[in-house]
Amino acid sequence: MTTTARLLRLLSLLQARRDWPGPLLASRLEVSDRTVRRDVERLREMGYTIQAATGPDGGYRLAAGSELPPLLFDDDQTVAVAVALQTAPASGVGIEEAAVRALVTIRQVMPARLRHRLDALQVTTIRPGGTARPSVAVDVLVTLANAIRDREVLRFDYVARGAPDAGDDVPAARRVEPHHLVSSSGRWYLVGWDLDREDWRIFSADRVGPRTPTGPRFRPRSVPGGDVQAFVSARSKGSDLDEWPCRGTVVLHRPAHEVRPFVDDGVLVALDDHRCSIETGSWSWGALAAWFGRFESAMDVVGPPELVSAFALLAERYDRAGGASAHP
């Protein structure tokens with residue numbers, strides 16, 4: 001094995017685990033302890049911060065340094081990073097230009113076999129629904145992440161949904177124990193315990209204006225249910241549980257294969273070649289009836305009675321709206 005190949009192998013091992021006893025590294029590289037010490041010094045000269053541990057066996061640890069040295073990725077890691085950079089524009093963070101430059105840099109040093117794999121994975125990222133999503137400044141995300149990591153109370157100004165971004169209205173000051181950052185459909189959210197309201201809150205990160213300095217340290221609470229993803233999903237459904245407050249079932253007079261692409265998280269069952277049943281939920285009975293109505297198909301309501309009443313009320317509203325349009 002050449003010196004260069006051995007250095008790359010040593011770097012790969014140091015990146016794979018936190019601590020390495022010197023003799024074990026020597027055994028893996030099939031060299032002497034003295035050669036390992038020399039190779040570690042070479043890596044240090046290249047900018048890698050490698051700490052040495054004293055003791056009978058000694059050992060080494062790759063630590064963070066003052067500068068970013070060259071990194072070593074295996075084939076799958078290299079392609080994964082490149083694909084992640086391609087999808088960065090949909091993240092809602094203003095790093096599009098930096099992501100493009102980083103992708104160009106990585107592609108230039110890729111071996112041909114990896115460039116072919118990457119070129120076959122051309123990804124076009126769009127925001128769900130084609131709607132614009134507010135971007136979040138990188139420094140805001142870093143500030144939130146640091147407060148979460150350090151378990152420090154976060155003080156920030158917050159513009160509530162629907163409030164003007166400018167004018168005489170002053171954003172409300174909040175004091176929050178930050179717990180998690182969540183990314184969903186190109187939007188970023190902060191999950192935290194609001195100290196003044198004594199309740200869990202989900203804040204849109206693009207409307208957070210962090211204040212300095214941060215507050216005192218805190219002991220983390222447990223997110224309701226213990227699952228952040230389920231908690232955020234439940235709150236988006238207007239519930240403390242990850243389920244819709246209103247659920248109902250209808251039989252559509254349409255084949256299941258025509259309906260399947262639009263069922264989302266509902267339960268679809270093919271009844272025959274021309275009919276299928278759908279069970280799903282929504283935040284209100286009226287919204288649920290309207291959701292079923294989008295299929296523009298004859299249907300039979302299986303239940304519950306609240307859904308039947310919602311269809312009747314919706315039909316009455318549509319009938320009035322149609323009559324008003326016909327007689328301006």
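In the predicted model, R6 touches M1, L29, V31, T35, D39 and R42, when residues up to four places away in sequence are left out of the count. This arginine belongs to helix α1, which covers residues 3–16, and R6 is buried, its relative accessible area of 11% lying under the 20% limit. Among the residues that R6 touches is D39, and the side chains of R6 and D39 are joined by a polar contact of 2.5 Å.

At the level of the whole protein chain, the secondary structure amounts to 11 helices and 12 strands. Of the 328 residues in the protein chain, 31% are buried. Among the contacts with a separation of 6 or more in the protein chain, 56% are made by residues 24 or more positions apart.

Two further helices were examined through their exposure and dimensions. Helix α4, formed by residues 75–86, contains 12 residues and reaches 17 Å from its first C-alpha to its last, which is close to the 16 Å expected at 1.5 Å a residue. The buried residues of α4 are T78, V79, A82, L85 and Q86; seen down the axis of α4, these buried residues fall within an arc of 120°, and they therefore line one face of the helix. In helix α5, which spans residues 96–109, A102 was considered. With a relative accessibility of 28%, A102 counts as partly exposed, because this value falls between the 20% and 50% limits. A102 and V81 are 21 residues apart along the chain, and their C-alpha atoms are separated by 9.8 Å.

One sheet of the model is open and is formed by 5 strands in the order β7-β6-β5-β4-β8, with antiparallel pairing. Its edge strands are β7 (199–204) and β8, each of which pairs on one side only, and the twist averages 50° from one strand to the next. Within this sheet, β4 pairs with strand β5 (residues 172–184) in the antiparallel sense over 5 bridges, and R155 stands opposite R175 in β5. Strand β4 is also joined by 3 bridges to strand β8 (residues 208–210), the two strands running antiparallel; here V208 in β8 is the bridge partner of Y158.

The two faces of β4, which comprises residues 154–158, are distinguished by their coverage: L154, F156 and Y158 make up the covered face, whereas R155 and D157 make up the uncovered one. Taken with the pairings, R155 of the uncovered face is thus the residue that stands opposite R175 in β5, while Y158 of the covered face has its bridge partner in β8. Helix α7 (residues 138–150) lies across β4, β5, β6 (187–194) and β8, and runs at about 95° to β5.

A second open sheet is composed of 4 strands in the order β10-β11-β9-β12, again with antiparallel pairing. The edge strands are β10 (267–270) and β12 (299–303), and each of them pairs on one side only. Direction ignored, neighbouring strands of this sheet are turned by 20° against each other on average. Strand β9, which consists of residues 246–252, pairs with β12 in the antiparallel sense over 4 bridges, and T249 stands opposite G303 in β12.

The surroundings of G248, which lies in strand β9, were also examined. G248 is buried, with a relative accessible area of 2% that is under the 20% limit. Not counting residues up to four places away in sequence, G248 touches I278, E279, T280, W285, L288, F292, G303, P304 and L307. One of these residues, G303, is also the residue in β12 that T249 stands opposite. Another of the residues touched by G248 is I278; G248 and I278 are 30 residues apart in sequence and 8.3 Å apart in space, C-alpha to C-alpha.

How values were computed: Residues numbered from 1 in each chain as written. Predicted model: local features only at pLDDT ≥ 70, side-chain atom pairs only at ≥ 80, totals over all residues. Heavy atoms only, no water. Buried < 20%, exposed > 50% of the residue type's maximum accessible area, 1.4 Å probe, protein only. Polar contact = N/O pair within 3.5 Å; in protein donor to acceptor, adjacent residues only side chain to side chain. Contact = heavy atoms within 4.5 Å. Axes fitted to C-alpha atoms, helices over the stretch in contact; angles between N-to-C directions. Expected span 1.5 Å × (residues − 1). Arc of directions from axis to C-beta.
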